[in-house]
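Biologist: I have a model open and want to learn how to read it. Can we start with the cysteines, then go on to the core?

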Amino acid sequence: MTPTLYLLCGKIAAGKSTLAKRLAARPATVLISEDRWNATLFPDEIRTIEDYGRYSSRVRAAMGPHVVALLKAGLSVVLDFQANTLAVRGWMRTLIDGSGAAHELHFLDLPDETCKRRLSERNATGEHPYQASDADYDLFTRYFVPPSADEGFNVVVHKE
């Protein structure tokens, strides 16, 4: 089986982490969660979108060589990091190029109303490491850029 890097693109509460867990159930597949790493390494330090940008870039810098090594060792990796901007997808492209692995970019293309409803439900459970308000959702969504064909990813689209 060819090692594969699974990537996830979708707005807050679109279901990226839920899909990541399903993908990671495949044999010889490792799940790496950005939210878990950020919450563990930087508890109570991520309060703004600027904080998120700063700290998540540190996690990406540390994790990149590790992900490449796992893929080169023959394991598949589900990278539960948001692939929501051109810059982050550019970083992900370096992992693909550096490892020679196959890849799939899973794009969860859901309407804002569905994501906001799911966000409210997720917040109510208290199980997610981050609580986001509707205002946070709107702020992060301003930076969201759907994947385009010219980026060269193997995109798998998920609706509802």
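Modeller: Yes. Keep in mind that this model is predicted. A disulfide is a covalent bond between the sulfur atoms of two cysteines. Here the count is zero disulfides.

Biologist: Which cysteine sulfur is nearest to that of cysteine 9?

Modeller: That of cysteine 115, 11 Å away. Cysteine 9 is in no disulfide. A disulfide needs the two sulfur atoms within 2.5 Å. Cysteine 115 has its closest cysteine sulfur in cysteine 9, and 11 Å is too far for a bond.

Biologist: Is cysteine 9 buried or exposed?

Modeller: Buried, with a relative accessible area of 0%. Cysteine 115 is buried too, also at 0%. Buried means under 20%, so cysteine 115 qualifies.

Biologist: Now the core. Which residues of the largest nonpolar core touch the most other members?

Modeller: A nonpolar core is built from buried residues joined through their side chains. The largest one here has 28 residues. Leu5, Leu7, Ile32, Val67, Leu79, Phe81 and Met92 touch the most other members.

Biologist: Which elements give two or more residues to this core?

Modeller: They are β1 (4-10), α3 (49-72), β3 (76-82), α4 (86-99) and β4 (102-108). α3 gives the most, with eight residues.

Biologist: What does isoleucine 32 touch?

Modeller: Leave out residues up to four places away in sequence. Then isoleucine 32 touches Trp37, Met63, His66, Val67, Leu70, Val77, Val78, Leu79, Asp80 and Phe81.

Biologist: How many residues are in the second, separate core?

Modeller: That core has 16 residues, including Val78, Leu110, Leu119 and Tyr137.

How values were computed:
Residues are numbered from 1 along each chain as its sequence is written. This is a predicted model: local features need pLDDT of at least 70, side-chain atom pairs count only at pLDDT 80 or more; totals for chains, interfaces and linings use all residues. Side-chain values use heavy atoms; hydrogens and water are left out. A nonpolar core is a set of buried Ala, Val, Leu, Ile, Met, Phe, Trp, Tyr and Cys residues joined through side-chain atoms within 4.5 Å. Buried means under 20% relative accessible area, exposed over 50%, partly exposed in between (1.4 Å probe, protein chains only). Helices (H or I, at least four residues) and strands (E, at least two) are DSSP runs, numbered from the N terminus. Contact means heavy atoms within 4.5 Å.
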